[in-house]
Amino acid sequence: MAERSIRLIANITAIIFLLIGCFFLTVVTIGLFRLPDALSRLHLSSKCDTLGALSIFLASAIYAGWSYDVLRLVAIGFLVVITSVTSSHAIGRSALKMGLRNFEEEPPLSNPRSGEKNASDT
Amino acid sequence: MNIFLTGTAIIVILNAFVCLYRVIKGPTIQDRVLTINIVGSKTLIILVLMAFIFKSSIYLDVAILLVLLNFIVMIVVSRYLETYGREVNQIDR
């Protein structure tokens, strides 16, 4: 009886973590469409992708129970935490070396608040 | 419980296919490389879920190799773009 209730609680916790992981992976997909620049997309992927992957690994580890699969999952999670952030940093550094500019540094065509026209408009 | 794992895997696969839009239409080459990184990470998640759907832990060993392969690809491509990036960008435009 006690074992069955523990199994039920573990399954419900695993389902909650699976839903959290699905939410963050969908946030990554929406952000790839909505964000304006390559550097801001890098900032998105290095955070949300790691968090979604880690919650899904945690859900799988809770579902598996104590076995050797948990050891493998801990190894995969450790590698994901290191490699995802490092590869994002490397891509961002290559963008910097190639002279890719942030979207805020580009001069606007016309300032909508002041109502005056820029020199580039005329 | 099995149906929840399968549903999560299907949602992740759909997300990966929608992400491929940015590979086709990325304005810079960093967008394409970054999206390939994201699709590789989702492939890793699908492999981990498959290990528990089909109840065979050989997929987890494949997943460890996939993490390292994805990392090596990203490091090599970004180091290439650091040295030869300006020529590649001129060809791309």
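**Exercise 1. The contact between the chains**

Task: In this predicted model, state how many residues each chain gives to the contact, and which helix of chain B gives the most to the side that touches chain A.

Solution:
1. Chain B puts 38 residues into the contact, and chain A puts in 38 residues.
2. On the chain B side, at least two residues come from each of α1 (2-25), α2 and α3 (58-92).
3. The most is given by α3(B), with 14 residues.
4. Sorted by class, the side of chain B that touches chain A holds 22 nonpolar, 11 polar and five charged residues.

**Exercise 2. Two helices labelled α1**

Task: Determine how α1(A) and α1(B) are oriented to each other, and list the residues that meet.

Solution:
1. The axes of α1(A) and α1(B) cross at roughly 10° and come within 9 Å.
2. Angles under 35 degrees count as roughly parallel.
3. The two helices, α1(A) and α1(B), are therefore roughly parallel to each other.
4. From α1(A), the residues are A:Ile15, A:Leu18, A:Cys22, A:Leu25, A:Thr26, A:Thr29 and A:Leu32.
5. They meet B:Phe4, B:Thr8, B:Ile11, B:Val12, B:Asn15, B:Val18, B:Cys19 and B:Arg22 in α1(B).
6. This contact of α1(A) with α1(B) divides into 10 nonpolar, four polar and one charged.

**Exercise 3. A helix of chain A against a helix of chain B**

Task: Work out the orientation of α3(A) and α2(B), and give the classes of the residues in their contact.

Solution:
1. Helix α3 of chain A covers residues 68-97, while α2 of chain B covers residues 29-53.
2. Their axes are 10 Å apart, and the helices pack at an angle of about 170°.
3. Angles over 145 degrees count as roughly antiparallel.
4. α3(A) and α2(B) are therefore roughly antiparallel to each other.
5. On the α3(A) side, the contact is made by A:Ile76, A:Ser84, A:Ser87, A:Ile91, A:Ser94 and A:Ala95.
6. On the α2(B) side, it is made by B:Gln30, B:Val33, B:Leu34, B:Asn37, B:Ser41 and B:Val48.
7. Six nonpolar, six polar and no charged residues make up this contact of α3(A) with α2(B).

**Exercise 4. The surroundings of B:Val48**

Task: Decide whether B:Val48 is buried or exposed, and name the residues that it touches beyond four places away in sequence.

Solution:
1. B:Val48 is found in helix α2 of chain B.
2. A residue is buried if 20 or more other C-beta atoms lie within 10 Å of its own.
3. B:Val48 has 28 C-beta neighbours inside 10 Å, so B:Val48 counts as buried.
4. In chain A, B:Val48 touches A:Ile56, A:Phe57, A:Ser60 and A:Ile76.
5. In chain B, leaving out residues up to four places away in sequence, B:Val48 touches B:Leu60 and B:Ala63.
6. B:Ala9 is 39 residues apart from B:Val48 along the chain, and their C-alpha atoms are separated by 9.5 Å.

**Exercise 5. The helices of chain A**

Task: Describe the fold of chain A by its secondary structure, then compare the spans of α2(A) and α3(A) with the expected values.

Solution:
1. Chain A has three helices and zero strands, in the pattern α-α-α along the sequence.
2. Of its 122 residues, 33% count as buried.
3. Among contacts in chain A between residues at least 6 apart in sequence, 65% join residues at least 24 apart.
4. Helix α2(A), residues 38-64, has 27 residues and reaches 38 Å from first C-alpha to last, close to the expected 39 Å.
5. Because 19 of its 27 residues are buried, α2(A) is largely enclosed by the rest of the structure.
6. Helix α3(A), with 30 residues, reaches 44 Å from first C-alpha to last, close to the expected 44 Å.
7. A:Gly65 follows α2(A) and has a positive phi near 80°; A:Gly99 follows α3(A), also with a positive phi near 80°.

**Exercise 6. α1 and α2 of chain A**

Task: Give the orientation and the handedness of the crossing of α1(A) and α2(A).

Solution:
1. The axes of α1(A), residues 2-34, and α2(A) come within 8 Å and cross at roughly 160°.
2. α1(A) and α2(A) are therefore roughly antiparallel to each other.
3. Their crossing is left-handed.
4. The contact of α1(A) with α2(A) has 18 nonpolar, seven polar and two charged residues.

**Exercise 7. A loop residue**

Task: Place B:Lys55 in chain B, and comment on its phi.

Solution:
1. B:Lys55 lies in the loop between α2 and α3 of chain B.
2. With 10 other C-beta atoms within 10 Å, B:Lys55 is exposed.
3. Phi of B:Lys55 is positive, near 55°, in a residue other than glycine.
4. Most residues other than glycine have a negative phi.

Methods:
Residues are numbered from 1 along each chain as its sequence is written. Chains are lettered from A and ligands numbered from 1 in the order in which they are written. This is a predicted model: local features need pLDDT of at least 70, side-chain atom pairs count only at pLDDT 80 or more; totals for chains, interfaces and linings use all residues. Helices (H or I, at least four residues) and strands (E, at least two) are DSSP runs, numbered from the N terminus. A residue is buried if 20 or more other C-beta atoms lie within 10 Å of its own, exposed if 12 or fewer, and partly exposed in between; C-beta atoms are placed from the backbone. Two residues are in contact if their C-beta atoms, placed from the backbone, lie within 7 Å. Ala, Val, Leu, Ile, Met, Phe, Trp, Tyr, Cys and Pro count as nonpolar, Asp, Glu, Lys and Arg as charged, and the others, Gly among them, as polar. The expected span of a helix is 1.5 Å times one less than its number of residues. Axes are lines fitted to C-alpha atoms, for helices over the stretch in contact, and angles run from 0 to 180 degrees between N-to-C directions. Angles under 35 degrees count as roughly parallel, over 145 as roughly antiparallel, 65 to 115 as roughly perpendicular and the rest as oblique. A crossing is left-handed if the near helix is turned anticlockwise from the far one by less than a right angle, and right-handed if clockwise.
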